[in-house]
Amino acid sequence: MSHPAPYLMGLADEITRQLRLLAERVAVLPPHQATQVIAHIINPDAGLLDGVTGLVSVSSTVARVQAERGVLPAEVALALGRATNDLDAVGGDLDEHCDTLRRFGAQPAIGAAKPPAPAPLVVRRRR
């Protein structure tokens, strides 16, 4: 196996750095702005989550080919395949909430308005 292209390793490092920076910045945004960014991140058509899922999917395919050639253990390819499926399922679960996030993010910030009533965060998922 040849060495990975230094440019691509650097690109992966830079993307990782940018993701950390994005997480740090989202954590301190005002709620309505954070909601806008989150909606953008999980956008099912062109969001960051979709891009990460696609990258893991490509990695899974490459690992499967490498496992078939005996270069990688089959467990690696299977784990990447499961990760792809899990990320895809998470994306599917979040897709239905994208419009809600966009609506809430589009609302102007309300200074001294009464906050909404707290809601329980334990919700049964439909299967």
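**A walk through the helices of a predicted model**

D99 and R102 both belong to helix α5, which covers residues 98-106, and three residues, about one turn of the helix, lie between their positions in the count. The model in which they appear is a predicted one. The side chains of D99 and R102 meet in a salt bridge, with 3.0 Å from N to O. D99 counts as partly exposed because its relative accessibility is 49%. R102 is likewise partly exposed, at 37% relative accessibility.

In general, side chains that carry opposite charges can pair when their charged atoms come close. The structure holds three salt bridges, and the pair in α5 is one of them.

Another of these pairs is found in helix α1, which runs over residues 6-28. There the side chains of E14 and R17 meet in a salt bridge of 2.7 Å, N to O. The two residues are three apart in the helix, so about one helical turn separates E14 from R17. With a relative accessibility of 33%, E14 counts as partly exposed; R17, at 43%, counts as partly exposed as well.

Helix α3 holds a further pair. Here E68 forms a salt bridge with R64, and the closest N and O atoms are 3.3 Å apart. Four residues, about one turn of the helix, separate E68 and R64 within α3. E68 has a relative accessibility of 59% and therefore counts as exposed, since the limit for that class is over 50%. R64, by contrast, has a relative accessible area of 42% and is partly exposed.

The helices α1 and α3 also share a feature of the surface. Y7, L8, L11, I15, L19, L48 and V52 make a nonpolar surface patch of about 610 Å². Each of α1 and α3 supplies at least two residues of this patch, and the largest share, five residues, comes from α1. One member of the patch, L48, has its place in helix α3. L48 is partly exposed, its relative accessible area being 33%.

From the surface, the description turns to helix α4. This helix comprises the 22 residues 74-95, and at 1.5 Å a residue it should span 32 Å; its end C-alpha atoms are 31 Å apart, which agrees with that expectation. Which residues of α4 are buried? They are A77, G81, T84 and G91. When the helix is seen down its axis, these buried residues fall within an arc of 90°, and so they line one face of α4. On the other side of α4, the residues E75, L78 and D86 are exposed. The cover over the buried residues of α4 includes helix α3, residues 48-68.

A last stop is helix α2, made of residues 31-41, in which T35 lies. Is T35 buried or exposed? T35 is buried, because its relative accessible area is 16%, and buried means under 20%. Leaving aside residues up to four places away in sequence, T35 touches L101, F104 and G105. The path thus returns to helix α5, whose residues 98-106 include the salt-bridged D99 and R102 with which the account began.

Definitions and conventions:
Residues numbered from 1 in each chain as written. Predicted model: local features only at pLDDT ≥ 70, side-chain atom pairs only at ≥ 80, totals over all residues. Heavy atoms only, no water. Expected span 1.5 Å × (residues − 1). Buried < 20%, exposed > 50% of the residue type's maximum accessible area, 1.4 Å probe, protein only. Arc of directions from axis to C-beta. Contact = heavy atoms within 4.5 Å. Salt bridge = Lys/Arg side-chain N within 4 Å of Asp/Glu carboxyl O. Patch = residues over 30% accessible without salt bridge, like charges linked within 9 Å, V, L, I, M, F, W, Y side chains within 5 Å. Areas by Shrake-Rupley, 256 points an atom, 1.4 Å probe, with all protein chains shown as cover.
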